[in-house]
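Me: I would like a close look at a single part of this structure. Please keep the sentences short and spell out the cut-offs.

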Amino acid sequence: MFKSMRVTALAAALMAATSFTAVAEVVYHRGNTADPETLDQHKTSTTYEAHILRDLYEGLVAYGADGKIIPGVASEWEVSDDGKTYTFTLRDDAKWSNGDPVVAGDFVYSLQRIMNPETGAKYANVLYPILNAEKVNKGEAKPEDLGVKALDDHTLEISLESPTPYFIDLLGHQTGLPVHPASVEKFGSDFVKAENIVTNGPFTLAEFVPNAHVKAVKNPYFHDADQVKIDTVFFYPTEDRGAALRRFQAGELDTNNDAPTEQVAFMRENLGDQFHVAPYLGTYYYALNHEDEVLKNPDVRQALSMAIDREFLADEIWGSTMVAGYSFVPPGIGNYGEPAYADYKDMSQIDREEKAIELLTKAGYGPDNPVELTINYNTSENHKNTAVAVADMWKPLGVNVKLINTDTKTHYAMLRDRQDFDVARAGWIGDYSDPQNFLFMVESDNDGFNYARYNNPEYDALMDEAAVTVDLEKRADILKQAEEIFMRDLPFIPMMYYGSMNLVSDKVAGFEDNLLNIHPSRWMSISE
Amino acid sequence: MLRYVLGRLLGAIPTLFLIVTISFFLIRIAPGGPFDLERPLEAKVMENLNKIYHLNEPLWNQYLLYLQSVARLDFGPSFYFRDFTINELFAESLPISIQLGLSALCLALIVGGILGVSAALRQNKPADYSIMAAATLGVTIPNFVVAPILTLLLGVWLGWLPVGGWNGGAFVNRVLPVVTLALPQIAVVARLTRGSMIEALRSNHVRTARAYGLTSYMIVVVHALRGAILPVVSYLGPAAAALLTGSVVIETIFGIPGIGRYFVQGALNRDYTLVMGTVVVVACFVILFNLLVDLLYALLDPRVRYD
């Protein structure tokens, strides 16, 4: 205690000596969806946890203000010719917030920890491309067998199962962030408490009060600390988006990463440039149960998809915070060209409706012999409005819809347990910018996400082929073929691409809209 | 008296036991579990998580384990807030909710009481009508409407008070939540006080007091109010229990780290221990305040004695 006081006094004296004017502390009040379930990066799964963790930690790679991958703890890396071995060179000046150097062994420890089934990591499967990762996570191999080696303190070698062109993007995910091994060994699961935590990012944890805030303060040991302009970041859980908007208007929040969809018109009018809407790497879709008697028929599925007026949904119901979507992979994604759009993308809604009626008649359905369907959705005003609108658009085809509304946990438990349903709402936000992260969902062996129970060997074969193709252009072609099959068979009906909404005060500089909606606090500054 | 209190407290144990039992099994009926996400877990990971939280054991065994730990006043680890135990969460949030609730309660009693008495003394006059109209309005407008309006007016437009946040319990951050919490209670207290006051003013002992020529202060405050306050006291028992254990709406709108939100968060996230913890806390408060009300009765009403 005494020693730390002496150090503080010394630091204060130094500060006073070097600067003539006292600089006020820069505080960033950041609204952030909800409280983190935990600050243990290996146990997290959500984007709002990632926002906090990316400020506290730095992985091998990090994100720039534009959401693009930049070197992090690794200053550079080399990929072997077969695309299966990555060799990272770690920077010399990377330090933990207690002054320890960040070494390659820390990453070996961290990656073994997340794969160890005893950790109970919810999102470990993101890193399955690493050699033996899946086996370790399933308890079939020991953590030491993981394909991660420290060649020396500053050289890390990661071997992969198969060439994975998006591997560097994967490492940007919060699951790739390192833990401080000594603290984890010493404190066990309590290493995340503010009094114990040691981090290596631009900030370090000062306080976590559930339902109040997470407070992070600047880490003086961070290698780029000179460029970090913010001293303290407060993350507030802003579950009530209306209340968050009022707090933003009153100047209590500098930014908030969401906004109330029912007040879009008001915000456009009153907040002007402070209301940001940008394309987001995600797709809003309806899963169709391919085991259902009626939905087995591909004509019925196509007819249902055609009849949906996506422009109406995106603009009227979602207030243009979504974009009409005619492909499952959102446009603008990395390692891909134009997605495989549905061929009726440019047809007028009237022509589409006619064509849809024709298809349904061919399948033997119509007003005399209506199709009976249910749409399951999780509780939310806009999910309900969307379902009601879709039901209305399907009505002229002779489709009678019943709506079933349950809370989120029940909804996804229903899909996971493969209970009987016809049509179910879901959405997917990409974890990394690669089409594989979307198309893998309906591979026949993907028990978790293949809600449609889609089973097409041709599709699986294409996905397998893409997985071993190193040449990026060739790989993109193969994936596009897979998406074309997807759009032909429609395991899911893609309806809209997500948009991200942010409230950003005029005082904030360095906030750049980007496809991944990633905004590390280290790039921002606040003017008074 | 002491025997009576002890008896009541002992009698609460089976009640609590029943409440714990019923809610323990009720929450398990809800589909889905604490670890169900959009992205399903690896079987092995799920198995380990279940093992850590004893979810792999038969339900009755989990129930016995839970009873054991509750008996030691240990509410277990939170499934959702994985960095905290329920005890840690409550230690932080319960005092905040109690402070807010108590402030609101006092405000409601004082303002509501004064309004109610004034209305009763001016029965069927304009003052009476306007107070009762305001009270009716206060009861009918829900706090999720009042709170945003107050924050818009006083926070966003006038900029006098903060719109949200707890800020370590600063006075300015408490004003709006306390007022919003108190408003409907003020209305109820005013109506109750008015009604029973009118009755009390017509009672024999008050008429006698008047005949003795006592000052109107003595008549109203000492003789009439003592009897008139009884219905208010019996209303305040459960009301206090509800206020002191926090309000989801108020806490969410004002961003206050109280205990009220945990009920809803716990239920939606299937955080079994968090739901159970809040149920136990609320039950304890209800039992405690009902006992308090009965004791207050004995104090206020000479006809009630617990010897």
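Reply: The buried residues of helix H12 in chain B pack against five partners, namely helix H1 (2–29), helix H3 (59–71), helix H4 (86–121), helix H9 (216–244) and helix H11 (260–268) of chain B. Contact here requires C-beta atoms, placed from the backbone, within 7 Å. Helices are DSSP runs of H or I with at least four residues, strands are runs of E with at least two, and both are numbered from the N terminus.

This is a predicted model: local features need pLDDT of at least 70, and side-chain atom pairs count only at pLDDT 80 or more, while totals for chains, interfaces and linings use all residues. Residues are numbered from 1 along each chain as its sequence is written, with chains lettered from A and ligands numbered from 1 in the order written.

Which residues of H12(B) are buried? They are Tyr272(B), Thr273(B), Leu274(B), Val275(B), Met276(B), Gly277(B), Thr278(B), Val279(B), Val281(B) and Phe285(B). Buried means 20 or more other C-beta atoms within 10 Å of the residue's own; exposed means 12 or fewer, and partly exposed lies in between, with C-beta atoms placed from the backbone.

Now the length. H12(B) covers residues 272–300, so at 1.5 Å a residue its 29 residues should span 42 Å. The expected span is 1.5 Å times one less than the number of residues. The end C-alpha atoms are 42 Å apart, which agrees.

The setting is helical: chain B has 12 helices and 0 strands. Of its 307 residues, 39% count as buried. Mean pLDDT (the predictor's confidence in each residue, from 0 to 100) is 89 for chain B, and 98% of its residues reach 70 or more.

How values were computed:
Two residues are in contact if their C-beta atoms, placed from the backbone, lie within 7 Å.
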